[in-house]
Amino acid sequence: MLHSASLLLVSLLAALPVNADGLYTKNSPVIQLNPKTYKSLIANSNHTSIVEFYAPWCGHCKNLKPAFEKAAKNLDGLAKVAAINCDDDENKPFCGQMGVQGFPTLKIVTPSKKPGKPRVEDYQGARTAKGIVDAVVDHIPNHVKRATDKDLDKWLGKNEDRPKAILFTEKGTTGALIRALAIDFLGAIDIAQVRNKESATVNKYGITEFPTLVLIPSTDAEHKIYTGELKKKPIIEFLSQAATPNPDASSRSASDKPKPKPKSKSKSASKPTSVADDAEDLKPTASQDQDTTEPSVKPAQVPISVPPIPTLSTPESLEAACLAPKSGTCVLVILPETSEPDAALPASATEALANVAEIGHKHAQRGTHLFPLYAVPAVNTGSKTLREALALADGQTVEIIALNARRGWWRRFSGADGDFGAVAVESWVDGIRLGEGAKEKLPEGIVGVEAEAEPEAEVKTEAEAKVEPEAETVETEAVEHDEL
């Protein structure tokens with residue numbers, strides 16, 4: 001009986017598909033990585049990527065698979081969606097070097113100004129196709145020039161020997177597809193976007209419909225109007241008349257796939273790979289969806305918790321921290337009133353608090369300078385005073401503001417339709433750190449002694465702070481991003 005059972009087990013194992021050691025098949029839209037292909041396909045790419053670090057035995061990884069593959073299909077041609085099996089002996093050292101502590105861990109990899117040295121950050125959003133797609137699209141770098149009637153000729157005069165393309169659109173935002181095309185032709189074709197209200201430029205090129213894409217092959221050549229389907233593949237063929245796209249431009253090819261390794265020998269983890277040096281050394285914050293129960297991969301540990309930001313619960317504490325005459329820059333999350341003292345905060349307020357805390361945690365982990373971040377609850381009567389003085393919304397909504405009592409300025413975060421997403425908030429905070437964006441003068445009476453407004457920004461310059469500004473963050477469409 002025992003012998004028969006053994007034979008049955010052997011036959012069942014033999015019947016398993018050859019890819020049973022990983023979650024994704026060779027036909028999956030998700031790119032399968034190892035340390036070598038991570039470097040060539042992800043770290044050295046001009047495109048944004050999202051990488052899943054997983055183990056085949058992980059239940060949460062199996063649950064994520066359908067959404068991750070759906071996200072890969074939606075992002076095809078716009079960004080890369082990849083996965084690496086951390087249960088594979090060849091990959092274990094690399095997963096450890098990338099700070100993986102639980103499964104699945106998702107990391108968004110964004111190109112930086114230093115080739116092969118991308119920015120790497122943990123994805124902490126919803127484990128849904130839409131959540132993943134929207135977050136990745138938010139991270140696609142924007143190399144598209146927003147041109148107007150006044151500055152178009154100046155833009156056309158730059159790099160005169162380089163072809164130009166102009167997207168005429170009714171939108172004030174830069175879509176995912178045109179940003180992806182600008183990456184595909186980076187250094188080969190300069191791309192700009194012109195709104196329909198720029199009448200002089202619209203009339204010059206004879207544009208009657210929006211969106212319309214125009215190609216200018218050279219300074220002395222007639223422009224060409226694209227009349228095909230507004231999809232990436234035919235647009236690339238159209239633009240290729242003037243220049244050859246970068247190697248990343250095509251969707252995944254067979255050469256992108258890792259080559260199968262011999263089954264006879266298993267590589268040991270004795271010599272760690274140096275590929276992790278191509279990414280920022282950021283420790284991930286494990287998600288509640290991570291599975292760390294199985295012992296297959298040793299680095300699985302207790303998730304790191306993000307400490308909440310301090311709370312200023314009295315007018316006195318608010319004044320001492322941020323509204324004294326010599327107070328520097330503060331960021332305040334002004335919380336809304338609730339129906340009962342112990343009632344839960346609305347989702348928007350919880351999201352705002354969590355994302356501001358995550359930003360503070362990231363800078364603490366990196367050891368970079370950041371101004372204080374505080375929560376101001378509604379029980380603090382100073383919050384009502386601030387709302388009234390700054391003409392903010394009533395006490396039913398959450399607000400994020402930055403102010404500097406010493407310099408006499410303030411600035412409000414304006415999320416689209418109550419959106420306090422991590423990417424938008426972090427981009428806003430980075431703008432304050434780098435002295436970017438318009439500021440308003442603090443009204444009299446906010447600060448104990450009238451502050452003397454000074455024109456220069458209090459924050460350090462980019463060189464002094466030794467931080468690299470994030471890529472421009474723009475509003476994006478919902479899930480369907482394969483359009484201009």
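**Figure 1. A salt bridge joins the side chains of Asp 151 and Lys 145.** In this predicted model, the nitrogen-to-oxygen distance of the pair is 3.5 Å. Asp 151 has a relative accessible area of 22%, so Asp 151 is partly exposed. Lys 145 is also partly exposed, because its relative accessible area is 32%. Side chains of opposite charge can pair when their charged atoms come close. In the whole model, the count of salt bridges comes to 10.

**Figure 2. Arg 162 and Asp 190 meet through their side chains in a salt bridge.** Here the distance from N to O is 3.0 Å. Arg 162 sits in the loop between helix H6 (152–157) and strand S7 (164–169), while Asp 190 belongs to strand S8 (residues 190–195), so the pair ties together parts that are 28 residues apart in sequence. Is each partner buried or partly exposed? Arg 162 has 25% relative accessibility and therefore counts as partly exposed. Asp 190 is buried, because its relative accessible area is 13%.

**Figure 3. Arg 433 and Asp 430 form a salt bridge within helix H13.** The N to O distance between the two side chains is 3.1 Å. Both residues lie in helix H13 (residues 422–433), and they are three residues apart, which is about one turn of the helix. Arg 433 has a relative accessible area of 9%, so Arg 433 is buried. Asp 430, at 8% relative accessibility, counts as buried too. Elsewhere, Arg 162, Lys 164 and Asp 190 are joined into one network by salt bridges that share partners.

**Figure 4. Cys 86 and Cys 95 are linked by a disulfide.** A disulfide is a covalent bond between the sulfur atoms of two cysteines. The sulfur atoms of Cys 86 and Cys 95 are 2.1 Å apart. Which hand does this disulfide have? The torsion about the S-S bond is about -90°, so the disulfide is left-handed. Cys 86 and Cys 95 are both buried.

**Figure 5. A disulfide connects Cys 322 and Cys 330.** Between the two sulfur atoms the distance is 2.3 Å. The link of Cys 322 and Cys 330 is left-handed, with -95° about the S-S bond. Cys 322 counts as buried because its relative accessibility is 0%. Cys 330 has a relative accessibility of 2%, so Cys 330 counts as buried. How many disulfides does a search of the whole structure find? The search finds two. With bonded cysteines counted along the chain, the disulfides follow the pattern 1-2, 3-4.

**Figure 6. Cys 58 and Cys 61 are buried cysteines.** Cys 58 has 0% relative accessibility and therefore counts as buried. Cys 61 also counts as buried, because its relative accessibility is 0%.

**Figure 7. Tyr 38 and Phe 68 belong to the largest nonpolar core.** In soluble globular proteins, nonpolar side chains tend to be buried together. The largest nonpolar core of this model has 67 residues, and Tyr 38 and Phe 68 touch the most other members. Helix H7 (residues 176–184) supplies the largest share of this core, seven residues. A second core is separate and has 23 residues, among them Leu 370, Trp 409, Val 429 and Ile 432.

Technical notes: Residues numbered from 1 in each chain as written. Predicted model: local features only at pLDDT ≥ 70, side-chain atom pairs only at ≥ 80, totals over all residues. Heavy atoms only, no water. Disulfide = S-S within 2.5 Å. Buried < 20%, exposed > 50% of the residue type's maximum accessible area, 1.4 Å probe, protein only. Core = buried A, V, L, I, M, F, W, Y, C linked by side-chain atoms within 4.5 Å. Helix = DSSP H or I, 4+ residues; strand = E, 2+ residues; numbered from the N terminus. Salt bridge = Lys/Arg side-chain N within 4 Å of Asp/Glu carboxyl O.
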